Every structure is written in structure tokens, then in C-alpha cells.
Amino acid sequence: MQADVIDVRVDGRPRVRKVYSEAYKRRVVALTFEPGVSVSQVAQRHGINTNLLFSWRRQPGNAPSRTSSAPPPALLPVAVSVTNTDAKQTRPQADTKQAYIEVEMGSARMRLHGGVDMQTVAALMRMLERSR
């Protein structure tokens, strides 16, 4: 019978690492899938690093098989209806008369009032950058 945990030592030096049997890994991983149990709790109980236990969970063959009698989740039918006959939806426009953008670069300051497109802002910022 193979041991679940084997301390690997090299040349009488302190333990380098532990080697875990596949059966032991599967048993511990199965515990993490029980309802109400956290992976870190299981890791602490078994003296295993939580990250190691997460990597075991990702390995093929360690995930528990689906043994529950519950049916798999089903997709529900969805009906989509169009109530607006306009092809183009219009968003309400914000009042841009009161809005402004203020940009400071060094000692230069730029304040833009109203609706301004991004190309204009980018061009003005490049001009401010060159003037520094």
C-alpha cells in the first residue's frame, strides 16, 4: 500500500517537498466541493497550502462527478417585442450650455464650454503640450 503523504529528503537535508498520492488528492479535493465548506478550511485541516489545493481542483480527474439526481439546468424561452416603431432610438440630450471641460497642463489652462467633440479636445491638448 502506498502512503498518502511522503516527505522527500535529499542527502539528509531538511525536507524539500511532500509528494501526495493521487487518491489522497482526490479525497481532499472532494471535501472542497461539499456544500458550506470553503477551500481554505479544508486546506488548513489537512496542512496544505490553499493555492496547492486550488491547483489540484483544476487538474483533470479531480473534479467530482455529477451524481445528483437533479436535472441539468435548462434554458428558458425568451420573447422579444419591439414597441417603438422608429429604427433609431434617440437619447435625451443633456443641457450642454452649462457644462464645461477644464484642462490644466503646467501653467496653461483650457476651459471649453458646451458640447465639444473629443477630436477638438485632443487637438487643443496637443497644442498646449507643444507650448510648454
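A polar contact is a pair of N or O atoms within 3.5 Å, and within protein one of the two must be able to donate a hydrogen and the other to accept it. In the predicted model described here, one such contact, of 2.9 Å, joins the side chains of Thr32 and Arg57. The surroundings of this pair are a good place to start, once the overall layout has been set out.

The protein holds four helices and four strands. Along the sequence these elements follow the pattern β-β-α-α-α-β-β-α. Of the 132 residues, 16% are buried. Among contacts between residues at least 6 apart in sequence, 23% join residues at least 24 apart.

Thr32, one partner of the polar contact, lies in helix α1. Its relative accessibility is 5%, and because buried means under 20%, Thr32 counts as buried. Beyond residues up to four places away in sequence, Thr32 touches Val37, Val39, Val42, Leu53 and Arg57. Arg57 thus appears both among the residues touched by Thr32 and as its polar partner. Arg57 also lies over the face of Phe33, at 4.2 Å from the ring centre.

Helix α1 has further buried residues to consider. Tyr24, Lys25, Val28, Val29 and Thr32 are buried in this helix. Seen down the axis of α1, they fall within an arc of 125 degrees, so they line one face of the helix. The spacing fits a general rule: an α-helix has 3.6 residues a turn, so residues three or four places apart point the same way.

Just ahead of this helix, Ser21 is found in the loop between β2 and α1. Ser21 has a relative accessibility of 9% and therefore counts as buried. Its side chain reaches the backbone nitrogen of Tyr24 at 3.2 Å, and Tyr24 is itself one of the buried residues of α1.

Tyr24 leads on to the aromatic residues. A search of the whole structure finds two aromatic pairs. In one of them, the rings of Tyr20 and Tyr24 have their centres 5.7 Å apart and their planes at 10 degrees, so the pair is stacked. Both of these tyrosines are buried. In the other, the rings of Tyr20 and Trp56 have their centres 5.0 Å apart and their planes at 70 degrees, so this pair is edge-to-face. Tyr20 lies in strand β2 (residues 17–20) and Trp56 in helix α3, so the pair ties together parts that are 36 residues apart in sequence. Tyr20, Tyr24 and Trp56 form one aromatic cluster.

What surrounds Trp56 in this cluster? Leaving aside neighbours within four places in sequence, Trp56 is in contact with Tyr20, Tyr24, Lys25, Val29, Ile48 and Asn62. Among these partners, Tyr24, Lys25 and Val29 belong to the buried residues of α1. At 2% relative accessibility, Trp56 counts as buried. The C-alpha atoms of Trp56 and Glu22 are separated by 9.7 Å, although the two residues are 34 apart along the chain.

Helix α2 (residues 39–46) can be read in a similar way, with Val39, Val42 and Ala43 buried. These residues cover an arc of only 100 degrees around the axis, which puts them on the same side of α2. What covers them includes α1 (22–32) and α3 (50–58). Val39 and Val42 are also among the residues that Thr32 touches, which links this side of α2 back to the polar contact described at the outset. The face of α2 turned away from its buried side carries the exposed residues Gln44 and Arg45. The helix is followed by Gly47, whose phi is positive, near 70 degrees.

Turning to the strands later in the sequence, β3 (residues 100–105) and β4 (residues 108–113) run antiparallel and are joined by six bridges. Which residue of β4 stands opposite Tyr100? It is His113 that takes this place. The two strands form a hairpin with two residues between them, where Gly106 takes a positive phi near 65 degrees.

Key: Residues are numbered from 1 along each chain as its sequence is written. This is a predicted model: local features need pLDDT of at least 70, side-chain atom pairs count only at pLDDT 80 or more; totals for chains, interfaces and linings use all residues. Side-chain values use heavy atoms; hydrogens and water are left out. Two strands pair if DSSP finds at least two bridges between them. Buried means under 20% relative accessible area, exposed over 50%, partly exposed in between (1.4 Å probe, protein chains only). The arc is that of the directions from the helix axis to the C-beta atoms. Contact means heavy atoms within 4.5 Å. Rings of Phe, Tyr and Trp (its six-membered ring) pair if their centres lie within 6.5 Å; planes under 30 degrees apart count as stacked, over 60 as edge-to-face and the rest as tilted. A charge sits over a ring if NZ of Lys or CZ of Arg is within 6 Å of the ring centre and within 35 degrees of the ring normal.
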